[in-house]
Structures are given as structure tokens and as C-alpha cells.
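Good morning, colleagues. Please have the sequence and the structure open while I speak.

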Amino acid sequence: MNVTLRPDFAHSACPHDCPSTCALDVELMPDGRIGRLRGSSDNSYTAGVICAKVGRYAERLYHPERLTKPLINVGAKGEGRFQEISWEEALDRVADAFVTAERQFGAESVWPYKYAGTMGLVQRDSIERLRHVKKYSRSHDTICVTPAWTGWIAGTGRLAGPDPREMAQSDCIVIWGTNAVTTQVNVMTHAIRARKSRGAKIVAVDVYETETVRQADLGLVLRPGSDAALACAVMHIAFRDGYADRAYMAKYADAPAELEAHLKSRTPEWAAAITGLSVAEIEAFGKLVGTTPRTFFRLGYGFTRSRNGVVSMHAAQSIATVLGLWQREGAGAFHNNGAIFRLNKTMIEGGDVEDDSVRHLDHSRVGPVLTGEADALKGGPPVKAMIIQNCNPMTVTPEQDKVRRGFLRDDLFVCVHEQFMTDTAKMADIVLPATMFLEHDDIYKAGGQQSILFGPKLVEPPEGPRENIYVINELAKRLGAEHPGFAMTAREHVDWMLRHSGLGTLAELEEKRFFDMQPDFETAHYVNGFAYPDGKFRFKPDWANVKSSNIGPMGPWRDMPSLPDYWPVVEEADETHPFRLVTAPARNFLNTSFSETATSSVREGRPTLKLRPDDAARLGIADGDAVVIGNHRGRVELNAELFDGLQAGVVVAEGIWANRAHRGGVGINTLTGSDEIAPFGGAAFHDTKVWLRKL
Ligand SMILES: Nc1nc2c(c(=O)[nH]1)N[C@H]1C(S)=C(S)[C@@H](COP(=O)(O)OP(=O)(O)OC[C@H]3O[C@@H](n4cnc5c(=O)[nH]c(N)nc54)[C@H](O)[C@@H]3O)O[C@H]1N2
Ligand SMILES: Nc1nc2c(c(=O)[nH]1)N[C@H]1C(S)=C(S)[C@@H](COP(=O)(O)OP(=O)(O)OC[C@H]3O[C@@H](n4cnc5c(=O)[nH]c(N)nc54)[C@H](O)[C@@H]3O)O[C@H]1N2
Ligand code: SF4
Ligand SMILES: [Mo]
């Protein structure tokens, strides 16, 4: 008789920075290794589907280039010459550097820096506990969500909306400013269900013909940063043609009459000139959403990464209020569910000891901070020591020339806790190897859906890598930092958080695998009013006081339009910079994660620049040619890819490649600006003017 050893299955959650936060089934092989990862079918949002790059996670987990030893830099800064040292010695050295910086320049000269390499709340946010207990510089984390969330909360007052699974009950799904096929594949699952079962129409609004646009029934490819003009024209059509729900607005909105008067001049012709769309396209879109009561706007992040992005988000969301869509199942607008979870993170983050007098440094402005620009330092001391977890700022942050010069400073001590030798790790004085999600315990809360999920430790890490909370708790010991959270394991933190959030215990979560936190229909659809004291949606937000930030307004916020409007503050093309550059995500990478795995990088090929054949012909550029793009911030080399699905004068570079992947060794964010998006900051990654020529 043949005995075949069959794999076992265990459950987890995807830790990556993606709105889908998939529930995972992990194949455990008889030899103790993992096999394929699959989407769980018992989580009704994941619905059995995950992206391909996470499906092949074994490749990342067992990667031969994974960091497994603590390292000390023995060469010049950034030279990449490292030697192995013990964990004890590495941690002692980090603690020494922090103590020295604090003694000479004060606690604010230490800047712990993190983002969302893992979205696990314990492993991602324990660094906050160390920060707050030690009164190190605080971080204003603007790199990703700030403009989108601000624009959303401006209207509704709350970061939540209809159940995203209701897309399957819609007759028209508008996927706006997100390349869902690439960045959050589960949106497509539910949209396509609606198409199959109800004949729903799918609309996609983007600045180039993405795979999502190709799969849509109506694809609107507009000029970068022009979305608010499209939104205003759609609302103009709604008022003009009788689609506007005046009774709904009378009850649920702050200034419908003012909005109507203001939109009189925001005609399809006006919007066509700004967006580059035809009047016919705008009219067709306005009619489709105006005559389809179950229209669901699924609003993404991409269209908010422009200097006017907050205004664009608010304008697009306002359409749902003008049409009264919120009242119906399968209709309304959705961006993110952040407000529904109510998790008490005090123990993880040390929120009880956070000191409001400590300065905030802007995460996106790491370049100006490290090069010592006085306004970026908020009048405080220079940054002299950093620990970086879950983030790769040497590639992902804007204005890279400054970022590079900053990290090259000999008087700056940097410890990077990483899984791979990233561009940032290469700049470190000390590199510490980190575990991956299947090797440690953590809890995950979704953004684009409604679950809280547990991801247990399923396999042993190789000898060497340790989890983030280990590093934080060990540093706390050496630094004399006291807080009960430093004596707790990841599992104890999860249990404490659930109990203190009124959500049960870790044992209950483990047994159920995830909690479905979806509020009831009335709450989710704002039937009892929007989250302002008067219950009304704001067409006229008080921009300086939107409840999305605990930091005062910045950037050109005083000039923000009071009603939805096109706000012309984007980095317009000009005679010397005739092109507008968009730096969109790559399907097989997740920011820079997965750029280290061969299957992902081979699928992506090399850094390319999509441009129109007519633009290319004018510059004598053929498909595949080496090209250089640049502006006052620097220059970057890529290869041309002739592509029709763009407006004239727009170019797209997909993916944040490692710097070395570019000829010349500098990456795409050399060209993006680190000036703040009004009113609360953020990086305008898709809003850059460039010149372009053949190399
Ligand atoms: N495969 C993959 N998945 C990812 C990521 C990744 O890098 N790769 N990143 C993850 C992260 S951190 C996040 S925050 C999410 C973000 O996911 P999304 O919400 O999808 O946001 P973006 O990735 O910024 O951009 C999405 C789309 O916006 C388009 N866009 C750019 N400017 C404009 C504009 O002015 N108007 C309109 N209408 N569209 C515009 C871009 O062309 C792009 O196709 O995705 C996550 N998922
Ligand atoms: N040009 C351009 N730039 C962009 C964007 C864009 O659209 N265009 N998007 C921006 C956005 S939305 C975001 S969110 C940022 C994201 O930028 P980052 O947060 O820097 O994202 P990643 O590049 O994926 O880097 C995360 C790192 O964390 C590490 N990591 C993962 N898990 C763990 C762990 O458990 N412990 C430790 N210690 N490390 C871990 C990974 O190996 C990886 O190197 O990039 C931004 N930059
Ligand atoms: S779609 Fe997003 S959440 Fe789901 S497995 Fe892929 S990266 Fe993870
Ligand atoms: Mo992000």
C-alpha cells in the first residue's frame, strides 16, 4: 500500500500593506516547511482569492538572501561592507548610540522610524511604546493614507462606509483611483460577482489604461490630478438632469443650494478641458451613475497622491451624497473601514505616556529632516540616531537626493531591522535580521474590509532572525525604559488589547480565526446621520479642523476651495518639463517588498517608462530605448515602453524598484517632491513634472 504524506493546513492573515488583508490558508508540508498559500473561503471578503505574489510566499520565506545574522558596518557609510556580530553586542551598540545622542542633543535627537512592512499591530506599533516612554521624536506618518483619509473624513466625519461586500449587490461599481486588479484584487471578486449575477456595469477611473481599466465596461483615462473636475461635472449633470436627490440632501447635507449654484459653471465642457476626457465620455458617466440607483463608488488612494488629492477625494465622495446613494443597499461610497474596529492600543503603543510637547517629524520629509532643514526639524535638535523597522525609506520616500545625503551623514547612527538587505539596510551602522509573519504571532485589522484576524506563529524561523517586539523590549531593558508593555509577549499584547476593547480574548479570536466587525446597515449607510454633530454631510468642510489629524494644518491649506472644485495646485507641466509623471504600483511588488523575489522581478522585467507612441516619435524614442527623465530634484534612467493608453504628455513608471535596478543607481523617488499636501501632509507621488529624452 502506498502512503502519501499529505500537507496539513493552518490559518493566518496576510501581513502586507494592502487594503485586502486576506484570510489565508497555509499549507504545512510534512517536512515542516510551508507550501502554497491560498485565500480562505470561509472569510466572506477574501472569498478564496489572494494575489499571486503572496500565494508563492515560500519563495520569500526560504530566500537564500534573507538576512539571518546581526551585522555591523565596517566600511564607509553605504558601502555595504558588513561583519557578523552577536545579538547581544548589536543591541548594546544601538542602546549606546541612543544614550549618547540623548545625552548630547536631547531625547528628540533619536527618531524611531517605521511604516507598514508588516501590518500586524504588535510587531508594527511596539516601536511607538519605546518612542513614547523615552520621549524620542514622534512621527507624523504621512507617507500613504493621510490625504485620502482626510478627504474622506471631511465629508462623512468618519472613516467608514457601506460594507464593501455589498458591491456584489450593486448595478454599477465605480472603481476610482485604484488599480484594484493589481493592488487589492478582492475588490474585483465582488465587482465581478455583481456583473455576473446582476449585469452590473464596472467603471474605472485612472490616468492610464491599467488592467482594471481594461476589465471595466467604461474606462475613463484622465489627466493626473484632474479628478475633482470630473466629479464636479458629474454633479452638475445630476442637478441639471434631475438625478440629484434634493430631498435626501435637504435632510442629510450642509449646503446643497450653495453647491448647486456653484456647480452651474462646472459643465462637462469645462471638465473636458481640464481632464482631457471628451464631453461625451463625461455625459455618459454622469448619466450612468445618475440613472443607476445602486451605484457603489469604490474610492482608492491613487488619485489622492497629488497636491490637490484631498479635494479630489472629497469631490468624488460628494457625488454619492448628491445622488442620495448612501440610503440603498449596494450603493454609496467606500474607501476604508478604519473607524469600525475600536481597538485599544494603549499597551502596545504606550499611549498612556505619550507626551504632547514632543515634536513630530514628518515621515515623508525624511530627506529634509536628515539634511537638517530647520522647518523640517520644527526648531528642535538634529536627528542623530534612528532605528528603522518595517520600512525602506532609502527607496520609498520622496526627494531621494536629500534622503541619500541624509543617510550618508557620518554623524547619524542608523539601525535597520530587516528581512532583506534593502537600500536602507545598506546605509545602516547595525543591521538586525527580522522574522517573517509565519514565524511570529500578531493581530491584523483590515482597511478595505471588515475583519480582525489572528496570524499565529506557524513555523520556526531560521537561526538568527528575531521578531520586532523582541528588539523593542530588549532595547527598552538596555535604555532603562519602563512600561508594563515591555514585559509582554505578542500573544499577551493581543489578549490585553482584545479584552480592553470589549472584544473578548485571544483564545476566542483564535478559535473563530477572525471577528467580523461590520456595523449594521443603518450605521454603515449613515441612515441616522453623518458623523458630525448636526448629522449632515459636509459639502463645505472646515479644512483646518477635519478630524483626521492631531497635528495642525500645513501646506497651502488656506487656499483650499470651500466647495468641491478643481484646485489647480498640481505640479503643472511647463516648457522645460513637458511631461507629467505618475509612479503607479507594480502588480508583482508590494511597494519594494517582493522586488527581492525572482518570480516577481522577472515578471516585472526592468524599470520602464510608459509613454505614447506620438510623444515618443517626437523625441526620436523607440520602444525599449534607454531614456532619462528629470527635473530640479534629479534625474532617473529607465527604458521606454510605448503604450497607447495614456493622455498626451503623461508618462507612467510602474513599481518602486531597488535603486540598483536603475541604470545610474538612483530610483524613481528622486523625482517626487516632499512638500506637504494640504491640509495635513502627505507625499504627492503621482504629481511630478519631468523632462524626458533618449539616453
Ligand atoms: N501589487 C501591489 N499591490 C499593492 C501595492 C503595490 O505596490 N503593489 N501597494 C499597497 C499600498 S501601500 C497601498 S497604499 C495600496 C494603494 O493602492 P491604490 O488605492 O490602488 O493606490 P495607488 O497604488 O497609489 O494608485 C492606484 C492607481 O491610481 C492611479 N492614479 C494616479 N494618479 C491618479 C489621478 O490623478 N487620478 C486617478 N483617477 N488615478 C490616478 C494610478 O495610475 C494607479 O493605477 O496598494 C497596496 N497594494
Ligand atoms: N514612487 C512611489 N513611491 C511610493 C509609493 C508610490 O505609489 N509611488 N507608495 C507609497 C506608499 S503608499 C507606501 S505605504 C510606502 C511604503 O513603503 P514601505 O513601508 O517602506 O514599504 P516596503 O517597501 O514594502 O518596505 C517595507 C519593508 O519592511 C520589511 N518588513 C516586512 N515585515 C517586517 C517585519 O515583520 N519586521 C521588520 N523589521 N521588517 C519587516 C520588508 O522586508 C520591507 O523591506 O511607499 C510609498 N512610496
Ligand atoms: S491581495 Fe493583498 S492582502 Fe491579499 S494576499 Fe495579496 S497582498 Fe495580501
Ligand atoms: Mo500605502
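I shall describe the surroundings of two ligands, beginning with ligand 1 and then turning to ligand 3. Please bear in mind throughout that this is a predicted model.

Let us take ligand 1. Its shell comprises 33 residues, and the closest of them are Asp206, Gly225, Asp227, Arg305 and Phe589. Divided by class, this shell has 16 nonpolar, 11 polar and 6 charged residues. Two elements of secondary structure that each supply at least two residues of the shell around ligand 1 are helix 6, spanning 180-183, and strand 9, spanning 201-206.

Which backbone atoms lie at short range from polar atoms of ligand 1? A polar backbone atom of Asn179 is 3.2 Å from an oxygen atom of the ligand. At Arg587, a backbone N or O atom is 3.0 Å from a nitrogen atom of ligand 1. At Asn591, a backbone N or O atom is 2.8 Å from an oxygen atom of ligand 1. As for burial, ligand 1 on its own has 910 Å² of accessible area, of which the protein covers 97%.

I now turn to ligand 3. Where does ligand 3 sit? The answer is the largest cavity. The residues that surround ligand 3 are Cys14, Cys18, Ser20, Thr21, Cys22, Ile50, Cys51, Val54, Val185 and Leu590. By class, 8 residues of this shell are nonpolar and 2 are polar, with no charged residue among them.

To close, I would set the two shells side by side: the one around ligand 1 includes 6 charged residues, whereas the one around ligand 3 has no charged residues. Thank you for your attention.

Definitions and conventions:
Residues numbered from 1 in each chain as written. Chains lettered and ligands numbered in written order. Predicted model: local features only at pLDDT ≥ 70, side-chain atom pairs only at ≥ 80, totals over all residues. Heavy atoms only, no water. Near = heavy atom within 4 Å. 1 Å grid on protein atoms, 1.4 Å probe; cavity = no way out; pocket = protein on both sides within 12 Å on 5 of 7 lines; lining within 4 Å. Sits in = over half its atoms within 2 Å of the grid points. Nonpolar A, V, L, I, M, F, W, Y, C, P; charged D, E, K, R; others polar. Polar contact = N/O pair within 3.5 Å; in protein donor to acceptor, adjacent residues only side chain to side chain. Areas by Shrake-Rupley, 256 points an atom, 1.4 Å probe, with all protein chains shown as cover. Helix = DSSP H or I, 4+ residues; strand = E, 2+ residues; numbered from the N terminus.
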